[in-house]
Amino acid sequence: MEIPQNLPPTEVLPEKTPENLPTENAPVLENQKRDSLVSKPKIPVAGSKKQPNLRQIALANYRVPDGLSGIRGASDKDTLTLATKAFFEKNYGRVLFLLSNLPENDGQEALSLRAHANFGAGNFASAARDFEGLELGGIYRREAEWFGILSQLASPEARPGSDKNLLKNDLEKIRQMSNHPFQKEAEKLWGELK
């Protein structure tokens, strides 16, 4: 290959070394510190606290109450009896189908069973609504307070972001009530949520 002879001479720039770099300060952008211009690697801190997974916490604290096994209808072919059997077979869809209309005579029992079936099926917002209905009165009121909190923890739809403090208040009420059947569980959950 032939090198052209008529090219203009090129200027050779001196190599930049620490000795010949300019020493004037670089301009700092308004409202920004110089350090923020340089990205620093984020190093995990051993004691840093992760946000707890509320659904996993709720599921870990859930247990089927003993009283559900005693729910029976008037006969072996009664809707409530069939729903109870389906519940303990973990056929939650069948329970929800059977109890879509609550029987008049056994409304509290059926609502409690449906609430737990909703929880078991992962329908946490529906479970929270059913437990809220049970909280209005009857023999399942205290149980509904506890399981309502678990349902709301497990469901973003059941608890908008601003309601987290309300849940903590409800949990605190259970913790402070020494005769509440779920006082110890509430104490444990309180520690997990901190």
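User: A crossing is left-handed if the near helix is turned anticlockwise from the far one by less than a right angle, and right-handed if clockwise. Which hand does the crossing of α2 and α7 have?

Analyst: Happy to help! This is a predicted model, in which local features need pLDDT of at least 70 and side-chain atom pairs count only at pLDDT 80 or more, while totals for chains, interfaces and linings use all residues. Residues are numbered from 1 along each chain as its sequence is written, and side-chain values use heavy atoms, with hydrogens and water left out. By the rule you quote, the crossing of α2 and α7 is left-handed.

User: How are α2 and α7 oriented to each other, roughly parallel or roughly antiparallel?

Analyst: Axes here are lines fitted to C-alpha atoms, for helices over the stretch in contact, with angles from 0 to 180 degrees between N-to-C directions. The axes of α2 and α7 (residues 141-154) lie 7 Å apart, at an angle of about 150°. Angles under 35 degrees count as roughly parallel, over 145 as roughly antiparallel, 65 to 115 as roughly perpendicular and the rest as oblique. The two helices are therefore roughly antiparallel.

User: How many nonpolar residues does the contact of α2 with α7 have?

Analyst: Contact means heavy atoms within 4.5 Å. On the α2 side are L54, R55, A58 and N61, and they meet W146, L150, L153 and A154 of α7. Ala, Val, Leu, Ile, Met, Phe, Trp, Tyr, Cys and Pro count as nonpolar, Asp, Glu, Lys and Arg as charged, and the others, Gly among them, as polar. The contact has 1 charged residue, 1 polar residue, and a nonpolar count of 6.

User: How many helices does the protein have?

Analyst: Helices (H or I, at least four residues) and strands (E, at least two) are DSSP runs, numbered from the N terminus. From that end on, the elements run α-α-α-α-α-α-α-α-α. There are 0 strands, and the number of helices is 9.

User: Are the rings of Y62 and F119 stacked or edge-to-face?

Analyst: The whole structure holds 8 aromatic pairs; rings of Phe, Tyr and Trp (its six-membered ring) pair if their centres lie within 6.5 Å, with planes under 30 degrees apart counted as stacked, over 60 as edge-to-face and the rest as tilted. For Y62 and F119, the centres are 4.3 Å apart and the planes at 20°, so the pair is stacked.

User: Which parts of the chain does the pair of Y62 and F119 tie together?

Analyst: Both residues are buried (under 20% relative accessible area; exposed is over 50%, partly exposed in between, with a 1.4 Å probe and protein chains only). Y62 and F119 lie in parts that are 57 residues apart in sequence, so the pair ties together the loop between α2 (54-61) and α3 (79-88) and helix α5 (residues 107-121).

User: What type of pair do F119 and F124 make?

Analyst: F119 and F124 are both buried, and they belong to one aromatic cluster with Y62, F131, W146, F147 and F182. Their ring centres are 5.1 Å apart and the planes at 75°, so the pair is edge-to-face.

User: Which residue in helix α6 (residues 124-135) is in contact with L111, R114, A115 and N118?

Analyst: L111 lies in helix α5 and is buried at 12% relative accessibility. Among the residues that L111 touches are L102, G133 and L134. The α6 residue is buried too, with a relative accessible area of 8%. Leaving aside neighbours within four places in sequence, the residue in contact with your four is D130.
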